[in-house]
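I opened a fresh page today and wanted to see how the helices in this chain pack together. Come along and look with me.

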Amino acid sequence: MTKFEEELSSLPVSKSTNYADYWNKAQLLTVFKDWQPQQALPVVPEFVAKFITKIKKAGNNLTFSFNSKFDECPAKYWNEAIVWRLNHPEEFALAFITGKYEVEKPKLFYIALPKIYGLNDSIFVSKAESGIISEFTKGKDYALKLTEQEIKSLDERYWQFAVPVEVKE
C-alpha cells in the first residue's frame, strides 16, 4: 500500500457531505492511482542557465555537457558552470534534460557606511567607478545594489558594511 493509499484510507468519508454519493475511497484510488507529488523545479545560478542554453543551442546533449572541460570556452560563465555541475550533478542533469528550472536570483546588498558624529542617518554608496566610491546618499532609494562579488571587487574591506537588500514581493 502506498503512502497516498494509507492517508486516503485513514480519512473518514461522511454520509452528510454532498460528495458521499459520488465519491468513495475506491473511486478516489482509481482516479488518483498514478498521481505523483509535484517535484520542485531545480534552482540553478544564472551562469548555469546560460551554460545549458548555449550547449542546447549548439545541438549538444547531456553527455557533451558532462564531458566539457575547463577553458574550452573563453566565456567566464563556462568554468563557473562546470564547477557548479561537478558539485550538483543531479540538479544539473534534471535542469538540462527537462529544460525546466528556476534561475537563482543573486543576493543584493547595500554598502552602509557607519554613522559619523553629527549625522543621524546612515550613509550609503550611490556611485562607484574603477574601484573608487565617488558618490554617497543618505537614503536607500539611490543607493547601489551590489552582489557580494561586486562589493569585494571594489575593496574587500567594504564587505563588513554590506547590508542585505529587502526583497519586496
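**Entry 1: the whole chain.** I began with burial: buried residues make up 23% of the 169 residues in the protein chain. I remind myself that I am looking at a predicted model. Next I looked up the secondary structure and found seven helices and six strands. From the N terminus on, the elements run α-α-β-α-α-α-α-β-β-β-β-α-β. I also checked contacts with a sequence separation of 6 or more, and residues 24 or more positions apart account for 54% of them.

**Entry 2: α3 against α5.** How do I describe two packed helices? I use the angle between their axes and the distance between the axes. For helix α3 (residues 46-57) and helix α5 (residues 76-87), the axes come within 8 Å and cross at roughly 100°. Angles of 65 to 115 degrees count as roughly perpendicular, so α3 and α5 are roughly perpendicular to each other. I then listed who makes this contact: F47, V48, K50, F51, K54 and I55 come from α3, and Y77, W78, E80, A81, I82 and W84 come from α5. Sorted by class, the residues of the contact of α3 with α5 are nine nonpolar, no polar and three charged.

**Entry 3: α3 against α6.** I moved on to helix α6 (residues 89-98), where the axes of α3 and α6 come within 11 Å and cross at roughly 45°. That angle makes α3 oblique to α6. Which hand does the crossing of α3 and α6 have? I noted it as right-handed. On the α3 side I found V48, F51, I52, I55 and K56, and they meet F92, A95, F96 and I97 in α6. The contact of α3 with α6 has eight nonpolar, no polar and one charged residues.

**Entry 4: the cores.** Which residues touch the most other members of the largest nonpolar core? Of its 14 residues, I wrote down V44, V48, F51, I52, W78 and F92. The elements that give two or more residues to this core are α3, α5 and α6. I picked V44 for a closer look: leaving aside residues up to four places away in sequence, V44 touches A49, W84, A95, Y101, E102, V103 and E104. There is also a second, separate core of nine residues, which includes I111, I123, L146 and L154.

**Entry 5: S65.** I found S65 in helix α4 (residues 62-67). Is S65 buried or exposed? Its relative accessibility is 0%, so S65 counts as buried. Not counting residues up to four places away in sequence, S65 touches F51, I55, R85, F92 and F96. I recognised F51 and F92 from the core in the previous entry.

**Entry 6: A93.** My last stop was A93, which lies in helix α6. Buried means under 20% relative accessible area, and A93 has 16%, so A93 is buried. Which residues does A93 touch, beyond those up to four places away in sequence? I got L62 and F66. The pair A93 and L62 is a nice one to find in the viewer: they are 31 residues apart in sequence and 7.1 Å apart in space, C-alpha to C-alpha.

Note on methods: Residues numbered from 1 in each chain as written. Predicted model: local features only at pLDDT ≥ 70, side-chain atom pairs only at ≥ 80, totals over all residues. Heavy atoms only, no water. Axes fitted to C-alpha atoms, helices over the stretch in contact; angles between N-to-C directions. Helix = DSSP H or I, 4+ residues; strand = E, 2+ residues; numbered from the N terminus. Parallel < 35°, antiparallel > 145°, perpendicular 65-115°, else oblique. Contact = heavy atoms within 4.5 Å. Nonpolar A, V, L, I, M, F, W, Y, C, P; charged D, E, K, R; others polar. Left-handed = near helix turned anticlockwise from the far one by under 90°. Core = buried A, V, L, I, M, F, W, Y, C linked by side-chain atoms within 4.5 Å. Buried < 20%, exposed > 50% of the residue type's maximum accessible area, 1.4 Å probe, protein only.
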